Amino acid sequence: MRHHRLATPTRIIFDLIAFETAIAVAIFLRLGLTLQDGGEFRFWQMVPIIAALQLIMGVASGLYRGKWRYGSSNEVAALCATAVTTTAAVYLLNENSFTVRPIPQSSVLVGGVFGLVLMAGIRFAWRLLLENLRPSLSTSRTAFLAFSPPSIGEGEIASVTKSLGSDWITTGPKTHEFEVAFAERVTSPAALAVSSCTDALQVALAALGIGPGDAVFTTTMTFCSTVHVIEHVSATPILVDIDPETLNLSPIALQQAIDAVTEAGELTPRCIMPVHYAGHPCDMAAIDEIAAAHGLAIVEDAAHALPAIVDGRTIGDPSGPDGLIRATAFSFYATKNLTTAEGGMLTGPADLIEEARLWSLHGMSRDAWKRYGKGGSWYYEVIRPGFKCNMTDLQSSLGLVQLDRLSGFQTHRDQILATYRDGFSDLAALELHPERPNVTSAHHLYPVRLHHGHLSIDRARFIDELAERNIGASVHFIPIHIHPYYADKYGYSASDFPVAHREYERLLSLPLNNKMTLDDAADVVTAVRDICDTFALARD
């Protein structure tokens, strides 16, 4: 990794030259440029002695300790101590040892002050160079590294082109094929392809019969769509604080929220919507236990969690304690581990999925494929006030190829993560996201948290500095309780969610996607390390 702090040997050499030059200049200003009295003036004989004294004083004062950064109070104090003690030592040595013609003591004092100024000036000039030329010094990237572009290959293009040439481009045989393949991949008895994860969540709630007067519990650390769908079915969202390590829904806070709603008696607890943040599954054993104890359904927001495993259960598999109803919503948005450009999937028990299917297409008893295909009937009935959120065969053609590539995508992501772990593990300014031993994360995001006590800049400036180095970054997420609609409607404040609010203020996401290369990952490491080094605060 490239660091642009002067190496310790280089600093020592520069300091020695600066101090010796300062004393020489002071002497020459005092006596002139010629050596007087036949060479009796013996300054040159003192050069190695002064250098040795300076080196001893510098080491003793801690000036060359690598952990102290430019401009820290420690380094300034050490720099002054080195100059003062070296000057004093030369002054005493000059007074008592050089009887033929001692150096004028005024030159020693002036030279000491001038030496301090020169040593400080070298450091200031180097830091100024970094401030003004940092992008060109810190990374060789000439192209911007986008945060999360899709990886689309010839296979996807050929598959979509083939569907375009067929007689069916909307919901049809390819969508059915995709549903079957996806259900098998996540060990679910059934799956429903829809136009987004948002729609998957919404039709799940509708299929469960959730509506006015019902309470749905979810995390504040999520994208707004998770909570929007609760509002869309006229239920009431109950936001819950998060676990400080994984940033997932806290089971302890969840239990407290359910107890509070139950005690108030104004709403009926109906459903829990855990969000698997960054692809790391929630503590589902604890959440399942709470849901079973209170007779609540679970709708998992797995927008980030394909593929992921918790306690041996694949996310998407609806199995669980007896009587527990579980559905899972996935996202195939352009930034996700698997993409259909736009799209989503709902998995769960077969009867729940069939009910959700009615809600996904106008509440009609037959979809277009069944009505217009061979042997189909023109007759249908509308039996639910349904939505319009079906997936097309064009999207499904893309999704089928992406599903085949999913294992390879995850292997590549693991390699990128290894590069990040190796590159960031020793940075005190960063807190890396954990992975608990009972889970296999989908690694959709790579979130890090800044330790502000180690940096002189805030999160916004850190992201700007990454952009200067041609590295894209983002923040996941702006908590729901901060957004004006929910803050105004429900009276939320930061104190209601202290963990989520605290972690949000130091949170950012670095690039992690199927398209980036290991060289790209190395560039991210270089940029992050350079920022942490350049803007490091003193650690006294």
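Helix H4 gives the most to the nonpolar patch, with 3 residues. In this predicted model, the patch is a nonpolar surface area of about 460 Å² made by Val 25, Leu 29, Val 113, Phe 114 and Val 117. The elements contributing two or more residues to the nonpolar patch are helix H1 (8-31) and helix H4 (105-138). Among the patch residues, Val 117 is found in helix H4.

An open sheet is formed by 7 strands in the order E1-E9-E8-E5-E4-E2-E3, with mixed pairing. Its edges are occupied by strand E1 (190-194) and strand E3 (236-240), each of which has a single partner strand, so one side of each is left without a neighbour in the sheet. On average, neighbouring strands of this sheet are turned by 25 degrees against each other, direction ignored. Within the sheet, strand E8 (residues 326-331) and strand E9 (residues 344-348) run antiparallel and are joined by 4 bridges; Thr 328 stands opposite Thr 347 in E9. Helix H7 (residues 197-207) packs on the sheet, where it touches E1, strand E4 (268-273), strand E5 (297-302), E8 and E9. The direction of H7 makes about 175 degrees with that of E5. Helix H8 (residues 224-232) also packs on the sheet, with contacts to strand E2 (214-219), E3, E4 and E5; the direction of H8 makes about 150 degrees with that of E3.

Helix H11 (residues 350-360) has as its buried residues Leu 352, Ile 353, Glu 355, Ala 356, Leu 358, Trp 359 and Ser 360. These buried residues of H11 pack against E1, H7, E8 and E9. His 362 follows H11 and has a positive phi, near 65 degrees.

A further open sheet consists of 3 strands in the order E10-E12-E13, with antiparallel pairing. The edge strands are strand E10 (430-432) and strand E13 (507-510), each pairing on one side only. From one strand to the next, the twist averages 40 degrees. Helix H13 (residues 393-424) packs on this sheet and touches E10, E12 and E13; the direction of H13 makes about 15 degrees with that of E12.

The pairing in the E10-E12-E13 sheet can be described strand by strand. E10 and strand E12 (residues 446-450) pair in the antiparallel sense over 3 bridges, and Glu 431 stands opposite Arg 449 in E12. E12 and E13 likewise run antiparallel and are joined by 4 bridges. The bridge partner of Tyr 446 in E13 is Leu 510. From E13, Leu 507 and Ser 509 point one way, whereas Leu 508 and Leu 510 point the other way; all of these residues are buried.

Thr 419 is found in helix H13, the helix that packs on the E10-E12-E13 sheet. Thr 419 is partly exposed, with a relative accessible area of 22%; because the limit for a buried residue is under 20%, Thr 419 does not count as buried. When neighbours within four places in sequence are left aside, Thr 419 is in contact with Leu 518, Ala 521, Ala 522 and Val 525. One of these residues, Val 525, is 106 residues apart from Thr 419 in sequence, yet the two are 8.0 Å apart in space, C-alpha to C-alpha.

Definitions and conventions: Residues numbered from 1 in each chain as written. Predicted model: local features only at pLDDT ≥ 70, side-chain atom pairs only at ≥ 80, totals over all residues. Heavy atoms only, no water. Pairing = 2+ DSSP bridges. Axes fitted to C-alpha atoms, helices over the stretch in contact; angles between N-to-C directions. Contact = heavy atoms within 4.5 Å. Patch = residues over 30% accessible without salt bridge, like charges linked within 9 Å, V, L, I, M, F, W, Y side chains within 5 Å. Areas by Shrake-Rupley, 256 points an atom, 1.4 Å probe, with all protein chains shown as cover. Salt bridge = Lys/Arg side-chain N within 4 Å of Asp/Glu carboxyl O. Buried < 20%, exposed > 50% of the residue type's maximum accessible area, 1.4 Å probe, protein only.
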